[in-house]
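This report walks through one structure for a reader who has not seen it before. Please keep the sequence and the 3D view at hand while reading.

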Amino acid sequence: TGVARKRLKAAHAFMAEAKKEPFLDEVFKALWGYASDKLGIALSELSKETVNEKFAEKNVNTETTSRFIETLNLCEYARFAPADSGIIMDSIYNNAVEIISKMENELK
C-alpha cells in the first residue's frame, strides 16, 4: 500500500497540473500494483478477470471489485476523452483512493 499511496500522491500532483497522461499512468499503476501486491500475483499475470477471481476468493465485496475494474476502465476511457477531462480525473482519483481504502479493510 505504501507504493500505491506514493503513486496516488504523484497522480494528485499531475492532476493539479492538468497533466492527464502522467496522471492516468500513475493511477493505473497504483491500482494494478496494489492488486499485484495484495494478491501475490506478478503484474504480467494480472488481468481484470484474474483480479475478479482472486478478489472473490478473498471475499472482497463484489461492489468494491466492480468499482476497481470500473476505475481501470475509466482510466482507459479518459486516455481518449476530449482534452477537458478535469472532472473525469477528479472522479478517477477519488475512486482510486476510496477503492484502495476499502480493500485495505476487506483484505485483512
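Thr64 touches Ile99, Lys102, Met103 and Glu106 once its neighbours within four places in sequence are left aside. Thr64 itself belongs to helix H4, and in this predicted model Thr64 is buried, with a relative accessibility of 4%.

**The nonpolar core**

Met103, one of the contacts of Thr64, also appears in the largest nonpolar core, which has 31 residues and in which Phe23, Val27, Phe55, Phe68 and Met103 have the most contacts. The elements that give two or more residues to this core are helix H1 (2–16), H2, H3, H4 and H5, and the greatest contribution, nine residues, comes from H2. Phe55 may serve as an example from this core: leaving out residues up to four places away in sequence, Phe55 touches Ala35, Leu39, Val60, Thr65, Phe68, Met103 and Leu107. Phe55 is buried, at 0% relative accessibility, and Phe68, which is among the residues touched by Phe55, is likewise listed as buried at 0%.

**Aromatic pairs**

How many aromatic pairs does a search of the whole structure find? The search finds three, and two of them are described here. A pair of aromatic rings is described by the distance of the centres and the angle of the planes. The ring centres of Phe28 and Trp32 lie 6.3 Å apart with the planes at 75 degrees, so this pair counts as edge-to-face. Phe28 and Trp32 are four residues apart in helix H2, a separation of about one helical turn; Phe28 is partly exposed at 22% relative accessibility, whereas Trp32 is buried at 13%.

Phe55 and Phe68 form an edge-to-face pair as well, with 5.5 Å from centre to centre and 85 degrees between the planes. Because Phe55 lies in helix H3 and Phe68 in helix H4, their pair ties together parts that are 13 residues apart in sequence. Taken together, ring pairs link Phe28, Trp32, Phe55 and Phe68 into a cluster.

**Salt bridges**

Charged side chains also join parts of the chain, and the count of salt bridges comes to nine. Three of them are set out in the table.

| Salt bridge | N to O distance |
|---|---|
| Lys38 and Glu104 | 3.1 Å |
| Lys48 and Glu76 | 3.1 Å |
| Arg67 and Glu98 | 2.6 Å |

In the salt bridge between Lys38 and Glu104, Lys38 lies in helix H2 (residues 20–39) and Glu104 in helix H5 (residues 86–106), so the pair ties together parts that are 66 residues apart in sequence. Lys38 is partly exposed, with a relative accessible area of 28%.

For the salt bridge between Lys48 and Glu76, the partners lie in helix H3 (residues 48–57) and helix H4 (residues 62–80) respectively, so this pair ties together parts that are 28 residues apart in sequence. Glu76 is partly exposed, at 33% relative accessibility.

The salt bridge between Glu98 and Arg67 links distant parts of the chain, with Glu98 in helix H5 and Arg67 in helix H4, 31 residues apart. Is Arg67 buried or exposed? Arg67 counts as buried, because its relative accessibility of 16% falls under the 20% limit for that class, while Glu98, its partner in the salt bridge, is partly exposed with a relative accessible area of 36%. In addition, Glu21, Asp25 and Arg79 are linked in a network of salt bridges.

**Two loop residues with positive phi**

Most residues other than glycine have a negative phi. Ala18, however, is a residue other than glycine with a positive phi, near 60 degrees. Ala18 lies in the loop between H1 and H2 and is exposed, with a relative accessible area of 61%.

Asn59 is not a glycine either, and has a positive phi of about 60 degrees. Where does Asn59 lie? Asn59 is found in the loop between H3 and H4, and at 66% relative accessibility Asn59 counts as exposed.

Methods:
Residues are numbered from 1 along each chain as its sequence is written. This is a predicted model: local features need pLDDT of at least 70, side-chain atom pairs count only at pLDDT 80 or more; totals for chains, interfaces and linings use all residues. Side-chain values use heavy atoms; hydrogens and water are left out. A salt bridge is a side-chain nitrogen of Lys or Arg within 4 Å of a carboxyl oxygen of Asp or Glu. Buried means under 20% relative accessible area, exposed over 50%, partly exposed in between (1.4 Å probe, protein chains only). A nonpolar core is a set of buried Ala, Val, Leu, Ile, Met, Phe, Trp, Tyr and Cys residues joined through side-chain atoms within 4.5 Å. Contact means heavy atoms within 4.5 Å. Rings of Phe, Tyr and Trp (its six-membered ring) pair if their centres lie within 6.5 Å; planes under 30 degrees apart count as stacked, over 60 as edge-to-face and the rest as tilted.
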